[in-house]
Amino acid sequence: MRLSRRSLLAAGTAAAALTPAPATAPERSGRGLRTGFERLTDDGYAPLRGRRIGVVTNPTGITRDVRHIVDVMHADDRVDLVAVFGPEHGFRGTAQAGGSEGRYDDPATGLPVYDTYLKSGQPLADIFTASGVDTVVFDIQDVGARFYTYIWTLYDCMEAAQLAGKRFVVLDRPNPVTGREAQGPVLHKEFATFVGRQPIAQAHGMTVAELARLFNGEFLAAPVALDTVLMSGWKRSDFYDASGLPWVPPSPNMPTADTALVYSGTCLFEGTNLSEGRGTTRPFELLGADGIDGRWAAAAGQLGLPGVYFREAYFAPTFSKFQGKTIGGVQIHVHDRAAYDPVRTGVALLASAKKVWSGFTWRSDHWIDKLTGSTLVRTMIDAGAAADEIVAAWQDELRAFQRVRKEYLLYG
């Protein structure tokens, strides 16, 4: 018997849908963190009453007892939930990087699921109109990096909701790598793509609700009717494990909160011919290529980067670059999260890899410029600049962003 993807999804969620549990579960966080969705249910869904609701979400849109918020809301008579909108990887998360689930009816709830991936502007506004919703709700776990596409799904959906005359509600979740500060270069507008629509820092240090307010106030041509349901009990210095929430991979190559900790720096290796660890159990923590040996780890260890050790490592990716081939490189071991600077570390590793491995090349399409937001990092590394020189070169732009960012922060 052959099972389709939708049959598998239905089998996995039907039991939960048949017998709905209470809207919230007991606290696990010592300080009592409540997500935006938990606070929404605490208030009896008051901001959504009398509205026809569509939800933009993915597998991270869960309660702390790991039920999906769509299943919870669908089973609750207080919510008129009429549509779901899936981003990259899909609503139920069945697609790999660069993919989505398309248009289908969700087997567990019967709700129509619309595909938002790579859609924006009027075409996306037309999807919102066709769905029959009057309020679009966003609930997706971000990881704190400019090139993680869900925040641009947020931006595109806000813009489309404004064009379609819809109200927009953001349910907030923690930034898993803290909201202490912004780090890294700021995007130049001429390099705008789906991995960076607007000029924000590479590691933005904001929550999705804060970003929504920033987008509305600074970047949208006309502001959308925006509401944000904030968390309670979250502090800017908190890493994800302080939240008491379960971690659900926001995408297939973000398996743990430790991955998110390094991602805003080591994702830059997507712009090179080195593996960024896709196809391993430690994506973005393992980096390497055919022909690299222990000299890279030794060189990296001499850089004096705070909070991190580098181990000589060998691995064979099961897919992506160097699939099935044993290659050499480094594994990143963060031992002091508070001191660790992921963007500086990522740039330093790029520069050291180019120096110790003669086979180093940039991707021919200069994808690195899209990831870093300008030509600065690539051209300075090619000129032999050290990491600290490169970091110093983006400080003026970063300070300007930090001044704007400060106006939209919501938590202490």
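Here a biologist and a modeller talk through a predicted model and the terms used for its parts.

Biologist: Hello! What makes the size of this chain agree with a compact globule?

Modeller: A compact globule with 412 residues would have a radius of gyration near 22 Å, and the chain has 21 Å, so the two agree. Along its principal axes, the C-alpha trace spans about 60 × 55 × 45 Å. The secondary structure comes to 13 helices and 12 strands.

Biologist: Let's take the sheets. Why is the one with 7 strands called open, and which strands are its edges?

Modeller: Its order is S3-S4-S2-S1-S5-S6-S9. Strand S3 (104-105) and strand S9 (225-229) each pair on one side only, and these are the edge strands. The sheet is therefore listed as open, pairing meaning at least two bridges between two strands.

Biologist: How do you know that S5 and S6 are paired in that sheet?

Modeller: Two strands pair if there are at least two bridges between them. Strand S5 (residues 135-139) and strand S6 (residues 167-171) are joined by 4 bridges, so they pass that cut-off. They run parallel, and Phe138 stands opposite Val170 in S6. For the sheet as a whole, the pairing is mixed.

Biologist: Which helices lie across these strands, and at what angles?

Modeller: There are two to point out here. Helix H4 (residues 121-131) lies across strand S2 (80-86), strand S4 (112-115) and S5, and runs at about 155° to S2. Helix H6 (residues 208-219) lies across S5, S6 and S9, at about 160° to S9.

Biologist: And what makes the sheet of 3 strands antiparallel?

Modeller: Its order is S10-S12-S11, with antiparallel pairing. The edges are strand S10 (286-289) and strand S11 (308-315), each pairing on one side only. From one strand to the next, the twist averages 25°. S11 pairs with strand S12 (residues 327-334) over 8 bridges in the antiparallel sense; set against the cut-off of at least two, the two strands therefore count as a pair. One bridge to look at is that of Tyr309, whose partner in S12 is His333.

Biologist: How is helix H8 placed on that sheet?

Modeller: Helix H8 (residues 294-301) lies across S10, S11 and S12. Its direction is about 175° from that of S11. Angles run from 0 to 180 degrees between N-to-C directions, so a value of about 175° puts H8 and S11 in nearly opposite directions.

Biologist: Now the spaces. Why is a space called a cavity rather than a pocket?

Modeller: A 1.4 Å probe fits in a cavity but cannot get out, whereas a pocket is an open set. The whole structure holds 6 cavities of 30 Å³ or more. The largest cavity has about 180 Å³ of space, and 16 residues line it, with Val177, Thr178, Arg180, Gln183 and Pro342 closest to its centre. Helix H7 (residues 257-266) gives the largest share of that lining, 3 residues. By class, the lining has 7 nonpolar, 6 polar and 3 charged residues.

Biologist: What lines the second largest cavity?

Modeller: That cavity holds about 90 Å³. It is lined by 13 residues, and the closest to its centre are Thr60, Ile62, Arg173, Tyr240 and Pro246. Its lining divides into 6 nonpolar, 4 polar and 3 charged residues.

Biologist: Turning to the open spaces, what is the volume of the largest pocket, and which residues lie nearest its centre?

Modeller: The largest pocket has about 460 Å³ of space. Of its 26 lining residues, Glu88, Ala97, Thr149, Glu270 and Arg278 lie nearest the centre. The lining is made up of 14 nonpolar, 6 polar and 6 charged residues.

Biologist: And which elements build the second largest pocket?

Modeller: Its volume is about 200 Å³, and 13 residues line it, with Leu303, Ala348, Lys355, Ala386 and Ala387 closest to the centre. Helix H9 (342-356) and helix H12 (387-393) are the elements that give two or more residues to this lining. H9 gives the most, with 6 residues.

Biologist: How many residues of that lining count as nonpolar?

Modeller: The lining of the second largest pocket has 9 nonpolar residues, along with 1 polar and 3 charged.

Notes: Residues numbered from 1 in each chain as written. Predicted model: local features only at pLDDT ≥ 70, side-chain atom pairs only at ≥ 80, totals over all residues. Heavy atoms only, no water. Contact = heavy atoms within 4.5 Å. 1 Å grid on protein atoms, 1.4 Å probe; cavity = no way out; pocket = protein on both sides within 12 Å on 5 of 7 lines; lining within 4 Å. Points joined across faces, edges and corners; volume = space filled by probe spheres on them. Nonpolar A, V, L, I, M, F, W, Y, C, P; charged D, E, K, R; others polar. Rg over C-alpha atoms; globule rule 2.2 N^0.38 Å.
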